[in-house]
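Grab a pencil and work through these exercises with the structure open beside you. Try each task before you read its solution.

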Amino acid sequence: MSISGMRPLLASALGGLLALGATACGGQTTQTEAARAEAQPGSDEKITVYSGRSESLVKPVLEDFQEARGITVEVRYGDTAQMAAQLQEEGSRSPADVFLAQDAGALGAVAAKGLFAELPDEVLDRVPAAYRDEGGEWVGVTGRVRTMAYNTDQVAKADLPKSVFELTEPEWKGKVGIAPTNGSFQAFITAMRVEHGDARTREFLDGLKANDAQIREGNAPIVADVNSGKLASGLVNHYYVYELAKEEGTTVDALKAKNHFFPDKNIGSLVNVSGVGVLDKADDDPDVREFVDYLLGNQAQTYFAEQTYEYPLIDGVDPAPGLPSLSSLNTPDIDLNDLDDLATTIEMIRESGLV
């Protein structure tokens, strides 16, 4: 299947439908709209998106797209794993046209059910092969690196672990925050299963539980607690330290919370992506194609780099000042296409007692 054009995007299955824009006044078709519709047959100037990315991160991008292109975006926001499960349950009956996901594992799980259309080469080729589906059914939008945030008053640089597996040792008891219901954590655990096997991963999860890992609802609360000293450390994505600095009106250097990138290709420094897949029913909708093109264009990529501090994935857009380049990080060689078995990962986390 090709996707020379795509249909409306829908958002996550746990929030309520949120219309981010309005159609023309009084239902009248303006000359501009008429010209656009004539130029793009099949356009109804509306898309629906299931978004597993939080509203605070992506709503500005969706609003900018709507304003720039005159295409109304209807969105459902929710947890990425739950959104992926919702799409699989709904199948061809889903109202979603696009899935905007927090991680590659969720995209892979939906693709494995045959629900995505293949994206055209001109879309896929904008992003390095490591950050897109080998079958062409989803493409990365931004890059994010797993890190250990740590409080500089409580953890000396010399004591930083070289491996994420060290966090189950006695010296880290009660000192590590995790968000086991978060999609990024679940993708990280899935990558650990791929790299080290299920037995070692179960041992790690059980070790976190036995070592009194501190449970939080998400990455942001972990970083806030690390910065305030309530936690010594926590496993998060790299950009949350930058977001906290922005929220507090200060610089990253002024925070007590710092990022530790695990060395030597350790699985604790997994590079994952947020990404997008187009539902099969939206294969030929030009509005959906415009949306995907927009996400991989300079404006959206610059927004993600400068405002959410994620790594842009297209050429010509630099990461935020102070961030190490992706190529400079000694990250593990994980095929993101292998992260599609979320169901087993979630069950393993439950069995460990972390949720």
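**Exercise 1.** At the start of helix 9, which backbone nitrogen does a side-chain oxygen of aspartate 285 reach?

*Solution.* Keep in mind that you're looking at a predicted model. Step one: find aspartate 285 at the start of helix 9. Step two: follow its side chain to an oxygen, which comes within 2.7 Å of the backbone nitrogen of aspartate 287.

**Exercise 2.** Work out whether helix 9 is largely enclosed or not, using its buried residues.

*Solution.* Step one: helix 9 covers residues 286–295, ten residues in total. Step two: tick off the buried ones, which are Pro286, Asp287, Val288, Arg289, Glu290, Phe291, Val292, Tyr294 and Leu295. Step three: that makes nine of the ten, so helix 9 is largely enclosed by the rest of the structure.

**Exercise 3.** Find the salt bridges that glutamate 310 makes with arginine 53 and arginine 144, and say which parts of the chain they link.

*Solution.* Step one: the side chain of glutamate 310 meets that of arginine 53 in a salt bridge, at 3.0 Å from N to O. Arginine 53 sits in the loop between strand 2 (46–51) and helix 2 (55–69), while glutamate 310 is in the loop between helix 10 (298–308) and strand 11, so to speak 257 residues away along the chain. Both residues of this pair are buried.

Step two: glutamate 310 also has a salt bridge with arginine 144, this one at 3.4 Å from N to O. Arginine 144 belongs to strand 5 (residues 139–151), so this pair ties together parts 166 residues apart in sequence. Arginine 144 is buried too, as is glutamate 310.

**Exercise 4.** Aspartate 198 and arginine 193 form a salt bridge. Is arginine 193 buried or exposed?

*Solution.* Step one: locate the pair, whose closest N and O atoms are 2.8 Å apart. Step two: check arginine 193, with 12% relative accessibility; buried means under 20%, so arginine 193 counts as buried. Step three: aspartate 198 has a relative accessible area of 29%, so it is partly exposed. For a wider view, salt bridges with shared partners join Glu122, Arg126, Arg289 and Asp293 into one network, and the structure holds 16 salt bridges.

**Exercise 5.** Which residues form a negative surface patch, and where is aspartate 338 found?

*Solution.* Step one: pick out Glu134, Asp335, Asp338 and Asp340, which form the patch. Step two: place aspartate 338 in the loop between strand 11 (311–312) and helix 11 (342–352). Step three: look at its accessibility, where a relative accessible area of 39% makes aspartate 338 partly exposed.

How values were computed. Residues numbered from 1 in each chain as written. Predicted model: local features only at pLDDT ≥ 70, side-chain atom pairs only at ≥ 80, totals over all residues. Heavy atoms only, no water. Patch = residues over 30% accessible without salt bridge, like charges linked within 9 Å, V, L, I, M, F, W, Y side chains within 5 Å. Areas by Shrake-Rupley, 256 points an atom, 1.4 Å probe, with all protein chains shown as cover. Salt bridge = Lys/Arg side-chain N within 4 Å of Asp/Glu carboxyl O. Lys, Arg positive; Asp, Glu negative; His and termini not counted. Charge placed at Lys NZ, Arg CZ, Asp CG, Glu CD. Helix = DSSP H or I, 4+ residues; strand = E, 2+ residues; numbered from the N terminus. Buried < 20%, exposed > 50% of the residue type's maximum accessible area, 1.4 Å probe, protein only. Polar contact = N/O pair within 3.5 Å; in protein donor to acceptor, adjacent residues only side chain to side chain.
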